[in-house]
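Here are my notes from a look through this one. I've kept them as separate points so you can check each against the coordinates.

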Amino acid sequence: MKNYHEPQVPKLTDSELLYIFPQFKQIAPALMKELRQRKTELLQAIISCNANINAESSDETYRYFWKLWLIQPLRDEVKTVEQKLARLRRQLRIIKGTPIPKGALNNDLILAAKAVPIESIFNQRLRKTGNMLTGLCPFSEERTASFFVYKNTNRCWCFGCQQGGNTIDTYMKLNDCNFNYAVLALTGGEK
Ligand SMILES: [Zn+2]
């Protein structure tokens with residue numbers, strides 16, 4: 001694998017991050033509120049933008065162009081905010097040490113956990129190359145990037161240590177937890 005000579009960045013899991021920055025506990029609720037507000041603002045902006053464009057013209061091409069131009073960036077930001085919220089919910093769950101209820105998992109919850117964008121569970125910097133992300137392996141120490149995230153299948157694989165898998169497998173390895181814990185942590189514990 002090619003060595004990108006990237007500076008060494010700390011590879012932290014959710015639990016390690018919270019251990020190193022205990023003050024996060026204090027700021028987390030405010031951060032959560034801020035992100036929720038931003039999401040509401042964005043959704044309102046999308047609705048009014050949509051209404052304005054529709055009122056402007058009945059021409060489908062005109063509408064398509066302006067919606068693509070004005071609304072798509074807002075939708076992209078909603079997605080980013082949602083990813084941040086999902087991660088915050090996981091971290092808050094770890095802070096609270098919420099016990100995992102037995103037999104609480106249903107298939108929908110497992111599918112929702114698998115659907116969490118896998119890149120959102122890593123802390124290290126990942127470089128975008130086409131439809132993949134590459135970077136240093138989160139499972140073992142390495143200086144050459146041999147870790148790949150495949151966005152189309154939402155899976156990852158390290159060609160160095162031959163480890164990887166879907167979002168749940170990877171979360172379990174990174175946070176040293178069991179399947180139930182990983183599913184609930186990834187979905188914010190909601191049933
Ligand atoms: Zn590896």
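**Notes on the model**

1. Let's start with Thr 170: this residue is buried, with a relative accessible area of 0%. Keep in mind that we're looking at a predicted model. Thr 170 sits in helix 5, and the side chain of Thr 170 reaches the backbone oxygen of Asn 166 at 2.7 Å.

2. What is Thr 170 in contact with, leaving aside its neighbours within four places in sequence? The list has Ile 118, Ile 121, Phe 122, Phe 139, Cys 156, Gly 164 and Gly 165.

3. The helix that holds Thr 170 is worth a look in its own right. Helix 5 covers residues 167–175 and lies across strand 4 and strand 5. Against strand 5, helix 5 runs at about 135 degrees.

4. On to the sheet: five strands make up an open sheet, ordered 1-2-3-4-5, with antiparallel pairing. Strand 1 (127–129) and strand 5 (163–165) are the edge strands, each pairing on one side only. From one strand to the next, the twist averages 20 degrees.

5. If you want one pairing to inspect, try strand 2 with strand 3. These two pair in the antiparallel sense over four bridges. One residue to click on there is Met 132, whose bridge partner in strand 3 is Tyr 150.

6. Now the metal. Which residues coordinate the zinc ion? The donors are the SG atoms of Cys 137, Cys 158 and Cys 161, at 2.2 to 2.3 Å. Along the sequence, the donor residues are spaced C-x20-C-x2-C. Cys 137 is in the loop between strand 2 (132–135) and strand 3 (147–150), while Cys 158 belongs to strand 4 (residues 155–158), so this pair ties together parts that are 21 residues apart in sequence.

7. Are the zinc-binding cysteines Cys 137 and Cys 158 buried or exposed? Both Cys 137 and Cys 158 are buried, and for Cys 158 the relative accessible area is 0%. Cys 161 is partly exposed, with a relative accessible area of 25%. The cut-off for buried is under 20%, so at 25% Cys 161 falls outside that class.

8. Last, a cysteine check. A disulfide is a covalent bond between the sulfur atoms of two cysteines. Searching the whole structure turns up zero disulfides. The sulfur atoms of Cys 137, Cys 158 and Cys 161 are instead listed as coordinating the zinc ion.

Methods. Residues are numbered from 1 along each chain as its sequence is written. This is a predicted model: local features need pLDDT of at least 70, side-chain atom pairs count only at pLDDT 80 or more; totals for chains, interfaces and linings use all residues. Side-chain values use heavy atoms; hydrogens and water are left out. Donors are N, O and S atoms within 2.8 Å of the metal (3.2 Å for Na, K and Ca); water is not among the atoms, so sites may look incomplete. Buried means under 20% relative accessible area, exposed over 50%, partly exposed in between (1.4 Å probe, protein chains only). Two strands pair if DSSP finds at least two bridges between them. Axes are lines fitted to C-alpha atoms, for helices over the stretch in contact, and angles run from 0 to 180 degrees between N-to-C directions. Contact means heavy atoms within 4.5 Å. A polar contact is a pair of N or O atoms within 3.5 Å; within protein, one must be able to donate a hydrogen and the other to accept it, and residues adjacent in sequence count only if both atoms are side-chain atoms. A disulfide is a pair of cysteine sulfur atoms within 2.5 Å.
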